[in-house]
Amino acid sequence: MWLELLLGLVTHPGYDFPLPTGHRFPATKFSQLMTILAQDGVLKGFTQYQPGALTAKDLSVVHCPIYVSSFLNGTLSAEAMRVLGLNWSEELRNRSLLAPAGTLKAARLALIDGIACHAAGGTHHAHYNHGAGYCVFNDLAYAARQLVNEAIVEQVLIFDCDVHQGDGTAQIFASDDRIFTCSLHCRSNYPTRRALSDLDVEIEIGTGDDAYLKILEDTLILIKDRGLQPDLVLYDAGVDVHVDDSLGRLALSNAGIRARDEMVIRHFRGQNCAVATVIGGGYGPNIEELALRHSQVFRAALAVEGAIGDRLMIENLAQE
């Protein structure tokens, strides 16, 4: 039976890290997400994997070695830490070496099984030589660059649906035609100074489910019409598009987020592209509700892959 097939899910207990009381970044949402997935039975559809830690040399494929070593040693300037928006700690240091490896592991699993999910990632504001917007190292950029450098894939599409532009990713790949960057984001939001993605789609403040999904559909058609044929899609399923997100400014519902995730995954899997998902941004004081929003992409992955499996099984039976 198709339902016996388990998808890969990458996670690590070290993804949570301490921050001062009242900090805007929900640093315990990663473990809460796993709790929600377990409570709702979603984890039954996945096999869990843990990443190993990267080295400073590993990260140098997309980041300045001086920046990497300064962060890892805890010697970044006060101004650099202010731009990053986080408080340095050993726990943050350690998780910053784990999370990019987690996205790479999810990508490798997706290339084998068709789709895999990472219960972290989406740190798209990290630039070559500095971190920003709660993003230390750019996991999307690291995974994409590593796989093309290894010649495992020829072309990667980074499809970013976080509410904020993936400026760091766009900057890192500005001159790398092996990696196509597409960012769908709120027109009036962080960052103030934008980079230039290969395709930027700016969405007006207050856009809700129906209008957003139409823009998304048009964007997917546009990418297809351009003849782009990626071996791998890295999908940033940020939930800060939600109407109640404290940093979002768009107006999607939980159902809208689920529909978005299913649309993206179904589209690319329908073209036989491998898809690796990351959870991206999501902010607010209610960690349980936030984790529920993040869980939608895992539910969508199971729903889409199950439907594809059912179709293939029917096709195979018809040929017998």
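Reader: Hi! What volume does the largest cavity have?
Author: Happy to help! In this predicted model, the largest cavity comes to about 260 Å³.

Reader: Thanks! How many residues line the largest cavity, and which lie nearest its centre?
Author: The lining is made up of 28 residues. Nearest the centre of the cavity you'll find Phe-25, Arg-95, Thr-123, Tyr-134 and Cys-135.

Reader: And which elements give two or more residues to that lining?
Author: Those are α1 (29-39) and α5 (90-113). With 5 residues, α5 gives the most to the largest cavity.

Reader: How does the lining of the largest cavity divide into nonpolar, polar and charged?
Author: There are 14 nonpolar residues, 10 polar ones and 4 charged ones.

Reader: Let's change topic. How many cavities of 30 Å³ or more does the structure hold?
Author: The structure has 2 of them. The second largest has a volume of about 40 Å³.

Reader: Nice, which residues line that second largest cavity?
Author: Its lining consists of Ile-158, Asp-160, Gly-166, Thr-169, Ala-170, Thr-181, Cys-182, Ser-183 and Ser-197. The elements giving two or more residues here are β4 (156-160), α7 (167-172) and β5 (179-186).

Reader: Which of the elements gives the most there?
Author: That would be β5, which gives 3 residues to the lining of the second largest cavity.

Reader: Last one: what does that lining have by class?
Author: For the second largest cavity, 5 lining residues are polar, 3 are nonpolar and 1 is charged.

Note on methods:
Residues numbered from 1 in each chain as written. Predicted model: local features only at pLDDT ≥ 70, side-chain atom pairs only at ≥ 80, totals over all residues. Heavy atoms only, no water. 1 Å grid on protein atoms, 1.4 Å probe; cavity = no way out; pocket = protein on both sides within 12 Å on 5 of 7 lines; lining within 4 Å. Points joined across faces, edges and corners; volume = space filled by probe spheres on them. Helix = DSSP H or I, 4+ residues; strand = E, 2+ residues; numbered from the N terminus. Nonpolar A, V, L, I, M, F, W, Y, C, P; charged D, E, K, R; others polar.
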